[in-house]
Each structure stands twice: as structure tokens, then as C-alpha cells.
Amino acid sequence: MTNSTGSAAHVARPLPGAASDALANDDLLPTTPAQRRWAWRDFAALWVGMVVCVPTYTMASSMLDQGFTWQMAVWLVFLANCIVLVPMLLIGSVGPRYGVPFPVLARASFGVQGANLPAVLRGLVACGWFSINCYFGALALHGFLNVLGMGLVGPTEGQTISNSQFACFLAFWAVHIWFIWKGPESIRKLEVVAAPLMIAASLALVVVLLVRVPPGQLFNLPPKVVEGGPRTWAALTGLVGFWATLALNIPDFTRFARSQKDQILGQAIGLPIPMALFSMVGVIGFSASAILYGKAQLFPDGLLTQMGSFAAGLGLLVILLANLTTNVAANLVSPSYDFSQVAPAKISFRAGGLIAAFIGLLFMPWKLLATSGDYLFTWLGGYGTLLGAIAGILLVDYYLVRKGELKVDDLYRRGGEYEYCDGWNPRALVAFGLGVLPCLPGYLAVSGAIDKAALPGLLLGLFDFGWFFSLAVAGTCYYYLSTRKK
């Protein structure tokens, strides 16, 4: 096995006999030249397939529900995705150069055993998102079955989900298993086929709504009045946190890129502008539902079911496809690798995906999504703080400490450069704690675990800047600890 630092075409695949059985399996080893098939179009299609989903729609509608104007909501979505694109491209560049997935890259900074910490944290976040998207898919399936005349009922007073909706949740969950079983190439093919269909459906919905509601009326609704006004920085942090998950594990995809140019161009085209454009669909749907039906709908299924049986049936089928494409790419690929990192000899990509799917059953997204504030501030802001610290450490270690040079051999064996202290890097753990812990009181206050009034304003405010704060502090601390004279 060689220490490869060259281009994609020269990355050597480690021989199984040269790597530790405890640290390698066929799914975690560097990709071969034959596996590098993804062109820039594939990455653009991947992102469009992930962007066009119900959580993106509800991102914008939630901001309107929290008192933002539609102009500010769309601008913040675009700005947040331009910000998160930077670490996305920087961390993504590791994939074409070395061919390793995120959990293996994390071994360089956290240690060959310590990488379990960021891998499991990232994997659990993905399980939560997987569960959320399964719930959105379940609502769409539930509505579609009612369009067909099934007569299924929604939740009664005091319920957040009905029995029939839960049955739809389980059914939609089961569909994802096929794609995990077939692997990443099946996901690429799904995204390429689905992306243009979802773009066409989104445009059709916008056209229908603009015909029914004059644009002058649609875009001139007064913003909702909320206590304290809209929380701009907290919203921006949450919006950055929306794709902070993929900013970490993007090497899971870019390791299949034909070149650096393909991953950079594809992601730059596929992320910020499509996110802003699809958030406009959420803005239009939220505002149009308020005008046409007297109640602003956070979720698109609520709007579609009021638009007539044909529109509802077609639209709900598109939602099912959109949530499937997002879920398998964004929320099952990553934990498949992440949980494989914990025990490579026993957990393959398939096994890791199955573990993630079953953990996803334990989440209760219908409670998390009961209010727009819980979704936007508590969920997105909370995990964004955790992942910001990990991203800061990875970026500083790779670009500033190691100057972009990795010893591939040592990523797959004990006793090498990334062994540190029994496989754990104390400097990374300290930096991670210093980046995350100051934001913890604010998270507890926002989530309702402690009284906001009892918390100093500074600590509460830190959570509003969570992703930015944890990335900067963790990265700075890691650099200082790693470069100071011993």
C-alpha cells in the first residue's frame, strides 16, 4: 500500500492484507480509478435531487411563520448556502484526491479510534433527518391514498400523528432499504432521472398558484407579527446547519468524482441557486394558501390536498419522489459509512444503512415538527453547533496543520501517525468541547429544558451564532494545540 498524494487517477487502493482488519473493509477503502464515474452533471443532479424536498420548502415557510418578510427569507437561504458551500468544497476536495469517505478522513484529526465520535454524531443526525423525511413522505402517501378515496383520517385532538399516518410512515420507510442494498451507484441513477421531473413539477405548482393569486397580492402580504421580532442570526445559523451535515460527509460522494473540477463545478451549480429558487416555492405556497384557503400551510401536502384531486394526486406523488431522493442520498449514505467506521470488520455499507434505518424508527419527527420554531431554531441550530465544531477541526487539520498531505497507509492501521493516545487525539477532543460547550446553555434554554429568563443574554446569544462560533473556536483551539511547541 502506498502513500498516495497524487491526482484521482493515481490513488492506489490499499491491499486488504496491508490494512488492519479492525479499520478497513471494502466500502471504507479508497475508491479505484474505475469507480470514479461521477461528472459535474451528476453532482449538480445530486444536489437538485436533495434540494427539492419538503424540508427545504418548510424552511422558507417556517421563516415566514416566524415573522420574516419573503425577501429576507429567500436572501438568508441563498446567503446561508453560499456560506456552507465553502466548507463543502474544501472538505469535498479530499474525495477526488485520496478517495476516502468522511469517517476515514476524520481519523487524521481525531485518531483512528477517535473518529468514532464525529462519525457517530454525524450518523445520528442523519438518522434524525432520515426519520423527518420519512414522516414528510408518509404525509404525502397518506394524502395520495385519500385522493384515491381511501378515507384515511388524520390526527385527532391531542394527537400529533394518526394510526393510518404511522402506517404510511412505516411503508415509506421500507422503500429506502432497496437503495441501501444496491449501493451508491443506484442513488446516482435515481437522482439523474428524478431531478428534471421535480424541477418541472415545482414550476407547474408555481404557475398554477400565480394564475390563481395575482402576484401583486401574493408578494405584498404583511409579515406575521411575532413576539420579539424575527431572529435573523439564529435563523441564519439554522439555515447553515441545514446542510452542515453534508459539508462534513461530502467526501462520501466526491470520492467517486472524475476530477476536482467535476465536484467543484457540480456543487457550485447545484446548491446555492437551486436552494434559493426552491425556497421561493415555499414562500409562494405558504402565502397562496393563506389567501386562497384562509390558513397558511407550512407543509405542501396541506396546500395540495385543497387544490383539487388531480393537482393533489400529482403533487403528492412528486413529494414522495422528492423525499425519497433526498433521504437516500443525504441521510442514508452518510450513516452507512459512519456506522461502518465503528466496527469495519463487522459492519459493511449495507449493514450501516440498515442500522441507520432502524435507529430512524426511534425518532418522533411529528413532535419535533409540531411548531416552526422547534424545527428552525431547536433542531437545525442544535445539531449545526455540533457539526460546526467538527468541520472546524477537519478543515484546520487538513489545510493548516497537514498542508493537504495525508498518509493513506496510516489511516487504515494502528500504531501509525494517527494513533495518538491509544487511537484518540486529545487535542481534537479538547477543541471540540471548547467549541460546543459554551453554546449548550443557550440550546437548553431554546429547547425549554431551562428557563430563558435565568440565563445571561450572552450565553443565550451564543446559541444564535452556534455553527459559526463552534467552527471558529474549535478550529482555532485545535490549531493552537496542534502547532504549539511541546
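Which helices each supply at least two residues of the lining of the largest pocket? I opened my notebook with that one, keeping in mind that this is a predicted model.

**Entry 1, the pocket.** I found that α6 (116-147) and α15 (300-304) each give at least two residues to the lining of the largest pocket. Of the two, I noted α6 as the top contributor, since it gives the most to that lining, with six residues. I looked up the volume of this pocket and got about 610 Å³. I then went through the lining, which is made up of 23 residues. Nearest the centre of the pocket I listed Leu139, Gln165, Gln297, Phe299 and Asp301. Sorting the lining by character gave me 11 nonpolar, 10 polar and two charged residues.

**Entry 2, Asp262.** Next I turned to Asp262, which sits in helix α13 (residues 260-270). Is Asp262 buried or exposed? I have Asp262 down as buried, because its relative accessible area is 8%, under the 20% cut-off. A polar atom of the Asp262 side chain lies 2.9 Å from the backbone nitrogen of Trp40. Beyond its neighbours within four places in sequence, I found Asp262 in contact with Trp38, Ala39, Trp40 and Phe43.

**Entry 3, Gly99.** My last stop was Gly99, in the loop between α4 (94-98) and α5 (102-110). Gly99 is buried too, with a relative accessible area of 0%. I checked its C-alpha atom against that of Thr32: the two are separated by 7.6 Å, although these residues are 67 residues apart along the chain. Leaving out neighbours within four places in sequence, I wrote down the contacts of Gly99 as Leu29, Pro30, Thr31, Arg36, Val94 and Arg255.

Technical notes:
Residues are numbered from 1 along each chain as its sequence is written. This is a predicted model: local features need pLDDT of at least 70, side-chain atom pairs count only at pLDDT 80 or more; totals for chains, interfaces and linings use all residues. Side-chain values use heavy atoms; hydrogens and water are left out. Helices (H or I, at least four residues) and strands (E, at least two) are DSSP runs, numbered from the N terminus. Buried means under 20% relative accessible area, exposed over 50%, partly exposed in between (1.4 Å probe, protein chains only). A polar contact is a pair of N or O atoms within 3.5 Å; within protein, one must be able to donate a hydrogen and the other to accept it, and residues adjacent in sequence count only if both atoms are side-chain atoms. Contact means heavy atoms within 4.5 Å. On a 1 Å grid over the protein atoms alone, a cavity is a set of points where a 1.4 Å probe fits but cannot get out, and a pocket is an open set with protein on both sides within 12 Å along at least five of seven lines; lining residues have an atom within 4 Å of a point. Grid points are joined across faces, edges and corners, and a volume is the space filled by probe spheres set on the points. Ala, Val, Leu, Ile, Met, Phe, Trp, Tyr, Cys and Pro count as nonpolar, Asp, Glu, Lys and Arg as charged, and the others, Gly among them, as polar.
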